Amino acid sequence: MASPELGNAGDSSTHNLSSGMEDGSVPATNKTCPVHVSAEEEAKRSFRKGIARHDYVKISVPESKVNHLPTEWWKTVIAFFYAAFNLVLTTVVLTVVHERVPPKESSPPLPDKFFDYIDRVKWAFTVTEINGMVLVAIWLIQLFFFKYKSIACRRFFFLIGTLYLYRCVTMYVTTLPVPGMHMNCAPKLQGDTQAKFQRVLQLISGAGLSITNSHLLCGDFLYSGHTVMLTLTYLFIKEYSPKSFWWYHLMCWLLSAVGVLCILVAHEHYTVDVVVAYFITSRLFWWYHTMANLQTLKCSPNNYLTNTWWNPLFNFFERNVQTSVPCSYSWPITWASTCLKNPCKKYSMVQSS
Amino acid sequence: MKKVEAWSAEDVSDWLNKEGMPEYIKVLHQTDGPALLSLTKADFTVPPLSRMSPDGGEQLLERIEILQMETHIEDHKNGHANGHIGGIPNGTSKLQRNGTLGRKDFETKIRIPIPTVEPPRSSFPTEWGKTGIAFIYAIICFVTTTVVISVVHERVPPKEHTPPLPDKFFDLFDRREWAFSICEINGMLLVGLWLIQWILLKHRSIIGRRFFFIVGTLYLYRCITMYITTLPVPGMHFKCSPKLLGNWEAQMRRIMKMIAGGGLSITGSHSMCGDYLYSGHTVMLTLTFLFIKEYSPRRFWYYHWFCLALSAFGIFCILLAHDHYTVDVVVAYFITTRLFWWYHTMANQQSLKETSQSNLLSRVWWYRLFQYFEENVNGTVPRNYQLPLSARAFHWNHAVKYSRLDIQ
């Protein structure tokens with residue numbers, strides 16, 4: 001299959017090359033290569049008419065004027081609005097679904113394998129939420145020092161938005177009953193739109209966390225939003241940090257894994273909610289990043305990764321990003337820029353394709 | 001092009017023009033081919049040539065050498081398969097060309113042995129062994145699924161105790177009794193069509209391997225989601241067979257019955273409840289359609305639309321029969337399509353068959369299995385057809401006739 005990787009190189013250098021090597025101009029015999037040609041000589045062909053007969057062809061490779069990683073903050077803003085819209089939509093859908101959750105007396109919790117083995121621990125959900133907040137904070141700090149913040153931010157917003165959108169769909173179509181008798185669901189407000197609206201605002205302002213007392217609505221079980229945040233922040237932290245920081249990755253992985261486990265220990269979600277959330281988050285993350293990193297996929301005809309519905313959005317966001325984002329860090333204030341010496345892809349020449 | 005030795009003075013002038021050295025034409029207008037070839041550096045030290053040539057005739061002499069070599073190559077083009085040093089001008093040629101090379105040195109031939117080329121291996125080796133392994137994998141997954149369904153059946157809460165969950169589709173559409181039979185008929189039709197198509201494919205071992213692997217993995221995932229959380233029955237119309245608490249023999253028989261019937265209601269083997277998340281019927285309908293579309297010629301659009309209609313209507317009927325929750329169907333569709341596209345994209349791109357920093361698709365747990373199955377397959381499997389067990393390959397080349405246009 002054709003993979004025109006050459007097409008991705010700076011076009012100007014290839015142009016010079018082709019114009020220089022035409023006509024079988026003989027390279028120097030015992031002169032060393034590389035041969036050089038300068039554009040003006042070639043164009044005028046005057047060197048044959050009396051200018052010095054030294055045959056050398058100058059190939060100038062100009063500095064690539066194309067920025068392979070343009071910042072394009074406006075795209076990041078669009079991605080932010082996309083994510084914000086989806087978050088608000090999720091809150092609205094949650095309010096709607098809350099009305100339909102069957103009362104726990106009439107519809108008892110479903111049988112769940114994890115719940116059979118492990119009894120509920122009360123404080124576990126707080127652990128989850130603290131872990132989640134710590135991971136988000138770490139990611140924000142990492143992003144702050146990241147050189148290509150706009151691109152990483154854009155990707156984060158897009159993925160979060162899409163994951164929450166999927167969540168809206170699965171929450172809405174079928175309503176699972178509460179996973180445990182301990183759950184306190186706020187009373188139903190049949191038809192009282194004003195109060196519903198207030199609920200939506202309360203949920204948004206508290207970010208849906210129990211700690212902030214905004215997690216009062218029930219029905220958002222399939223799939224788990226907490227798992228999505230924990231998994232996604234960990235994936236982003238790992239992807240955009242130096243490969244050598246294994247202790248850092250391990251710590252974040254532990255935070256994430258313990259957080260997810262505590263969701264189950266607290267009997268706040270069914271096991272299937274967590275498993276499906278992990279699956280969808282990780283697959284979407286890997287799918288998106290593979291498409292963004294491998295430029296050959298963009299030109300390839302048999303690339304089924306483009307069959308998703310969000311492919312046009314992806315093209316819009318990543319059209320001008322021409323290489324994988326290197327992980328380089330710098331102080332955001334430019335005059336005091338010091339870059340960390342550790343490249344993320346330490347063995348990039350050997351490893352990356 | 002005729003040999004330089006046979007050139008006339010006119011030919012020499014034409015050649016000088018062509019080489020961009022028109023200034024020599026006047027001086028050499030009497031020179032014909034052999035005279036041109038006999039020019040030496042010494043000739044450029046005396047007038048009239050010394051006047052015309054600031055570099056001592058170096059460039060011209062070089063050009064003459066190249067000309068000699070070119071004609072020399074042409075003479076020997078149909079000769080020895082082993083090359084002799086061709087006069088291809090390049091800077092790294094080891095031939096000393098500092099202007100003093102005479103014709104004598106040029107005559108020495110250097111033998112470069114070229115190893116005989118091996119016959120190229122097929123890009124699409126059949127490797128039925130690997131297909132066999134994939135088949136066994138799929139069988140294991142099917143059997144595991146049946147066992148898990150049997151286990152889960154024991155845990156389904158009775159419908160009186162746990163009513164069906166609220167579902168948006170059920171609110172909008174009432175149940176139709178005949179719908180599930182339609183779904184199963186559609187499913188059987190699609191599987192039948194796919195089987196016929198598969199038999200007619202040339203590279204059936206590779207494609208069969210892919211089908212078994214993907215189906216096996218999907219059913220494996222299904223085992224997990226079914227097992228961990230048990231959804232209640234979606235409708236009061238369900239007749240679940242009674243629970244056999246601890247009676248292993250009866251459970252084994254039930255499992256056998258289900259495998260024998262393919263898990264379909266039509267064959268009476270779908271009497272167990274609890275296998276709702278996610279829907280196996282949706283998986284089969286979607287997957288057979290994806291495979292049919294992928295491995296049939298692009299111009300059969302009517303065939304593709306027919307299969308799409310069968311598939312879509314079948315899925316709709318699952319919901320219409322209130323046999324699965326909507327979320328079961330949605331999740332099944334999502335997982336099936338993503339796995340299919342993921343696998344096929346990886347199989348079609350050589351760059352994705354190696355782990356690397358930018359290839360995040362390789363982080364799935366089944367990547368090693370995938371590499372094992374697809375390591376010898378180079379490139380996209382073409383849609384060639386061949387009657388099975390026939391001595392001659394019956395290429396319906398129309399299938400790939402427009403491949404270059406289709407792809408781009």
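This passage looks at how chain A and chain B meet in a predicted model, and then at one annotated stretch of chain A.

Start with the meeting of the two chains. On the chain A side, 60 residues are in contact with chain B, and chain B likewise brings 60 residues to the contact. The size of an interface is often given as the accessible area lost when the parts come together. For chain A and chain B that comes to about 5,700 Å², with 65% of the buried area on carbon and sulfur atoms.

What about charges and polar groups? Just one salt bridge is counted between chain A and chain B. The partners are E239(A) and R363(B), and their closest N and O atoms sit 3.7 Å apart. Polar contacts add to the picture: 14 residue pairs are counted between the two chains, with both residues at pLDDT 80 or more.

Three helices of chain A each supply at least two residues of the side that touches chain B: α6 (149-173), α10 (271-293) and α11 (295-299). Of the contributions to this side, the one from α10(A) is the biggest, at twelve residues. Sorted by class, the side of chain A that touches chain B is made up of 29 nonpolar residues, 21 polar ones and ten charged ones.

Now for the annotated stretch. According to an unreviewed UniProt entry, residues 218-290 of chain A carry the annotation "domain: Sphingomyelin synthase-like". In the model, this stretch of chain A is 75% helix and 0% strand. From one end of residues 218-290 to the other, the C-alpha atoms are 36 Å apart.

How values were computed
Residues numbered from 1 in each chain as written. Chains lettered and ligands numbered in written order. Predicted model: local features only at pLDDT ≥ 70, side-chain atom pairs only at ≥ 80, totals over all residues. Heavy atoms only, no water. Contact = heavy atoms within 4.5 Å. Buried area = accessible area lost by both parts, 1.4 Å probe. Salt bridge = Lys/Arg side-chain N within 4 Å of Asp/Glu carboxyl O. Polar contact = N/O pair within 3.5 Å; in protein donor to acceptor, adjacent residues only side chain to side chain. Helix = DSSP H or I, 4+ residues; strand = E, 2+ residues; numbered from the N terminus. Nonpolar A, V, L, I, M, F, W, Y, C, P; charged D, E, K, R; others polar. UniProt positions renumbered as here; feature names shortened; annotations may be inferred.
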